[in-house]
Amino acid sequence: MSAEAGWEPIGRALAEYQRGFHDGVLEVFHDLGGPDPLPVAHFFRGPSQMNRLEREAIRRARGRVLDLGAGVGSHALALQDRGLEVTAVDALPQAVEVMRDRGVIDARLGRWTDLGTDERFDTVLMMMNGAGLAGTLNGMAALLEVLAGVLSENGQILLDSVNLPEVREAQADEEGVPVGDDGRYPGELHYQFSYGGQRGDLVPQLFLDFEQLGRMASGVGLECDLVAEEDDLYLAVMRFAGDAHSP
């Protein structure tokens, strides 16, 4: 199972859209069902087409911004329009090429595991289920530790994810972590993307409930607050404990 091969259908879809084919649709398969259709145009939407949580995250962003898992740069472009300095990072080469074509000034190829401590950011933005980048609970613990290392003293992390009903309904273990019948946290899903009749490999996707996010954030010295909710979606902000800054 190759993560690179798993994301390849999305990369092809994004590149084709940028070349002018605007009717493409991805098929999304996952543990909870599918296929679910996902129009490729969704990745290219402007601020007026974004949901309330995305618009609130863009409003709250300040200082130097790291847009992690930036896709084709829709959030980065909105932040640039606000006059902010944005570093947009994505693991898909096609996405980075599209970002540059669309006008993202600092678009980089990479993953969160590539981040060093030589650069600091005032805002880290992780949208469209930002928790998904971690893949698993263990991955989220490692991701938060890395992010705490690149935050400025008064920095903030803005992340959205989903309170899945399957997580709410699961029994918790002795540490308070919901566990499904298979012994796995119910928000640890596997996704598979198909485009143009070609299906990629399975890739892990994490949908992290807000309570678990708060617990994990505290483990690296971050406080976690709920900013907004929309159905099962939520937007959270994390800051170093004791930082009362509010944009």
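How many bridges join strand 4 to strand 5, and do those strands run parallel or antiparallel? Hi everyone, let's start right there. Strand 4, residues 85-90, is joined to strand 5 by 4 bridges, and the two run parallel. If you want a pair of residues to click on, take Val-89, whose bridge partner in strand 5 is Arg-108. Please keep in mind that this is a predicted model.

Now let's zoom out to the sheet. Seven strands make up an open sheet, and the order across it is 5-4-3-6-7-14-13, with mixed pairing. At the edges you'll find strand 5 (106-109) and strand 13 (222-230), each pairing on one side only. On average, neighbouring strands of this sheet are turned by 20° against each other, direction ignored.

Two helices are worth a look here. Helix 4, residues 93-102, lies across strand 4 and strand 5, and runs at about 170° to strand 5. Helix 7, residues 210-218, lies across strand 7 (151-162), strand 13 and strand 14 (233-240), and its angle to strand 13 is about 160°.

Next stop, please: His-30. This residue sits in strand 1, which covers residues 25-30. Is His-30 buried or exposed? Its relative accessibility is 18%, and the cut-off for buried is under 20%, so His-30 counts as buried. Which residues does His-30 touch, leaving aside neighbours within four places in sequence? They are Asp-36, His-190 and Tyr-191. With Asp-36 there is a side chain to side chain polar contact at 2.8 Å. For a sense of scale, the C-alpha atoms of His-30 and Gly-149 are separated by 32 Å, and these residues are 119 apart along the chain.

Tyr-191 leads us to strand 10. Tyr-191 is the bridge partner of His-30 in that strand, and strand 1 and strand 10 pair in the antiparallel sense over 4 bridges. Strand 10 spans residues 188-195, and 7 of its 8 residues are buried, so the strand is largely enclosed by the rest of the structure.

Strand 10 has other partners too. It runs antiparallel to strand 12, residues 203-206, with 4 bridges joining them; in strand 12, Tyr-191 has Val-203 as its bridge partner. Strand 10 is also joined to strand 11, residues 198-199, by 2 bridges, again antiparallel. There, Ser-194 stands opposite Arg-199. Strands 10 and 11 form a hairpin with 2 residues between them, and Gly-196 in the turn has a positive phi of about 60°.

That's my tour, thanks for listening!

Notes
Residues are numbered from 1 along each chain as its sequence is written. This is a predicted model: local features need pLDDT of at least 70, side-chain atom pairs count only at pLDDT 80 or more; totals for chains, interfaces and linings use all residues. Side-chain values use heavy atoms; hydrogens and water are left out. Two strands pair if DSSP finds at least two bridges between them. Axes are lines fitted to C-alpha atoms, for helices over the stretch in contact, and angles run from 0 to 180 degrees between N-to-C directions. Contact means heavy atoms within 4.5 Å. Buried means under 20% relative accessible area, exposed over 50%, partly exposed in between (1.4 Å probe, protein chains only). A polar contact is a pair of N or O atoms within 3.5 Å; within protein, one must be able to donate a hydrogen and the other to accept it, and residues adjacent in sequence count only if both atoms are side-chain atoms.
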